[in-house]
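Please read the following note alongside the sequence and the three-dimensional structure. The points are meant for a reader who is new to this kind of description.

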Amino acid sequence: PPVPQACEETGSAFYMGGPIWSAPIHHQGFVDSLLNLIHAQKESFGAYEKIHSILTVVQEELKDAPLYVSLHDMCKTVKCTPPAAN
């Protein structure tokens with residue numbers, strides 16, 4: 001739906017983000033096969049630990065929550081205190 005130029009409550013301008021891709025961005029079977037391949041040929045990959053860690057993160061990515069963020073982790077990244085949970 002169309003969005004007005006300003007918020008009706010505060011009069012502030014809206015800042016739009018996007019586009020947002022809400023479907024899975026990785027093919028799980030392909031990631032699984034890559035992990036199996038690099039594990040079987042571990043000695044062939046000089047950067048095995050790095051490759052393995054990246055593929056593991058991809059493999060564990062939440063498939064049904066594309067916009068999930070951890071507020072605590074985000075605050076840690078920008079070095080600020082998270083708001084109280086009350």
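The numbered points below take up the core, the helices, the surface and some distances.

1. The model under discussion is predicted. All values in this note are computed from the predicted model.

2. The core may be considered at the outset. Which residues make up the largest nonpolar core? There are 6 residues in all, namely V31, L35, I38, Y48, L55 and V58. Helices α1 and α2 each supply at least two residues of this core. Membership in such a core requires a residue to be buried, and buried means under 20% relative accessible area.

3. Y48, one of the residues of that core, deserves a separate remark. When residues up to four places away in sequence are not counted, Y48 touches I38, H39 and K42. Of these partners, I38 is also listed in the largest nonpolar core.

4. Helix α2 spans residues 48–60, and T56 is found within this helix. Is T56 buried or exposed? T56 is buried because its relative accessible area is 18%, and the cut-off for buried is under 20%. The side chain of T56 has a polar atom that lies 2.7 Å from the backbone oxygen of H52.

5. V57 also belongs to helix α2. With a relative accessible area of 58%, V57 is exposed, since exposed means over 50%. V57 and N36 are 21 residues apart in sequence, and their C-alpha atoms are 15 Å apart in space.

6. In helix α1, the student may examine A40. A40 counts as exposed because its relative accessibility is 59%. How many residues separate A40 and K50 along the chain? They are 10 residues apart, and a distance of 16 Å separates their C-alpha atoms.

7. The loop between α1 and α2 contains E43. E43 counts as exposed, at 68% relative accessibility. E43 and E8 lie 61 Å apart in space, C-alpha to C-alpha, with a separation of 35 residues in sequence.

8. The segment before α1 contains P24. P24 is exposed, its relative accessible area being 52%. P24 and D64 are 40 residues apart in sequence, whereas in space their C-alpha atoms are 7.9 Å apart. The reader is invited to locate both P24 and D64 in the structure and to compare these two separations.

9. M16 is likewise found in the segment before α1, the helix of residues 28–40. M16 is exposed because its relative accessible area is 65%. Which residues join M16 in a nonpolar surface patch? V3 and F14 do so, and the patch made by V3, F14 and M16 has an area of about 310 Å².

10. The last residue to be discussed is K79, in the segment after α3, a helix of residues 71–77. K79 is exposed, with a relative accessible area of 76%. The phi angle of K79 is near 55 degrees, which is a positive value in a residue other than glycine. Most residues other than glycine have a negative phi. The backbone at K79 may therefore be worth inspecting in the display, given that most residues other than glycine do not have a positive phi.

Definitions and conventions. Residues are numbered from 1 along each chain as its sequence is written. This is a predicted model: local features need pLDDT of at least 70, side-chain atom pairs count only at pLDDT 80 or more; totals for chains, interfaces and linings use all residues. Side-chain values use heavy atoms; hydrogens and water are left out. Helices (H or I, at least four residues) and strands (E, at least two) are DSSP runs, numbered from the N terminus. Buried means under 20% relative accessible area, exposed over 50%, partly exposed in between (1.4 Å probe, protein chains only). A polar contact is a pair of N or O atoms within 3.5 Å; within protein, one must be able to donate a hydrogen and the other to accept it, and residues adjacent in sequence count only if both atoms are side-chain atoms. Patches are made of residues with over 30% relative accessible area and no salt bridge: like charges are joined within 9 Å, nonpolar side chains (Val, Leu, Ile, Met, Phe, Trp, Tyr) within 5 Å. Accessible areas come from the Shrake-Rupley method with a 1.4 Å probe; for residues, only the protein chains shown count as cover. A salt bridge is a side-chain nitrogen of Lys or Arg within 4 Å of a carboxyl oxygen of Asp or Glu. A nonpolar core is a set of buried Ala, Val, Leu, Ile, Met, Phe, Trp, Tyr and Cys residues joined through side-chain atoms within 4.5 Å. Contact means heavy atoms within 4.5 Å.
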